[in-house]
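Let's take a friendly walk through a protein model. Keep the sequence and the 3D view side by side as you read.

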Amino acid sequence: MRLRHGCSTLTPTAALVATLSATAVTAGPKLQGIYSNMEPSVGQGELIGMEVFILPYVEGSGDGEVAYTALIQFADGLPARPQLVEADVQGQTIALSAIHPVFGELRFTGSIDGDGLSGHFDQLGEVTLPRGESISQWGSGDR
């Protein structure tokens with residue numbers, strides 16, 4: 001599939017990259033990325049925390065409007081099944097809902113800056129997720 005963009009024809013991937021590049025020049029830090037506070041509890045052999053991976057995509061037939069989805073995973077001893085949820089992004093603020101394995105449906109509202117994702121999850125309270133790699137990537141880098 002190819003999309004028309006001005007005088008040139010772009011593939012959907014090129015259109016997404018062009019749109020994200022154009023918004024990065026005028027906006028703050030990029031929104032897409034991995035945000036995680038998930039850590040192993042060495043003494044107890046458990047995994048605790050959460051990860052949010054924010055991914056951009058182009059809505060509809062490539063009209064250039066970027067939307068975001070989030071892959072979120074909770075761990076309260078054991079990692080729960082990851083969930084793909086819609087993320088409502090307005091500037092640097094983000095809102096989403098996900099199902100926590102203990103508390104049920106939770107709403108998150110927060111913001112993204114150069115350091116990470118921070119905000120409030122219903123029943124979990126204030127959450128700060130530094131930008132970085134997923135715990136699933138450990139062993140492939142410096143950790």
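The sections below cover confidence, the core and a surface patch.

## How far to trust the model

This is a predicted model, where local features need pLDDT of at least 70, side-chain atom pairs count only at pLDDT 80 or more, and totals for chains, interfaces and linings use all residues. Residues are numbered from 1 along each chain as its sequence is written, and side-chain values use heavy atoms, leaving out hydrogens and water.

The chain has an average pLDDT (the predictor's confidence in each residue, from 0 to 100) of 81, and 75% of the residues score at least 70. Among its elements, strand β8 (residues 93-100) has the highest mean, 96, and strand β1 (residues 3-5) the lowest, 45; strands here are DSSP E runs of at least two residues, numbered from the N terminus.

Under 50 is where pLDDT stays over residues 1-10 and also over residues 13-26. Where pLDDT is low, the predicted coordinates should not be read in detail.

## Inside: the nonpolar core

A nonpolar core is a set of buried (under 20% relative accessible area, 1.4 Å probe, protein chains only) Ala, Val, Leu, Ile, Met, Phe, Trp, Tyr and Cys residues joined through side-chain atoms within 4.5 Å. The largest one has 22 residues, and I72, I94, L96, L117 and F121 touch the most other members. Strand β6 gives the most to this core, with 4 residues.

Beyond four places in sequence, I72 touches residues including V52, V85, L96 and F121, a contact being heavy atoms within 4.5 Å.

## Outside: L71

L71 lies in strand β6 (residues 66-77). L71 is partly exposed (20% to 50% relative accessible area), at 35%.
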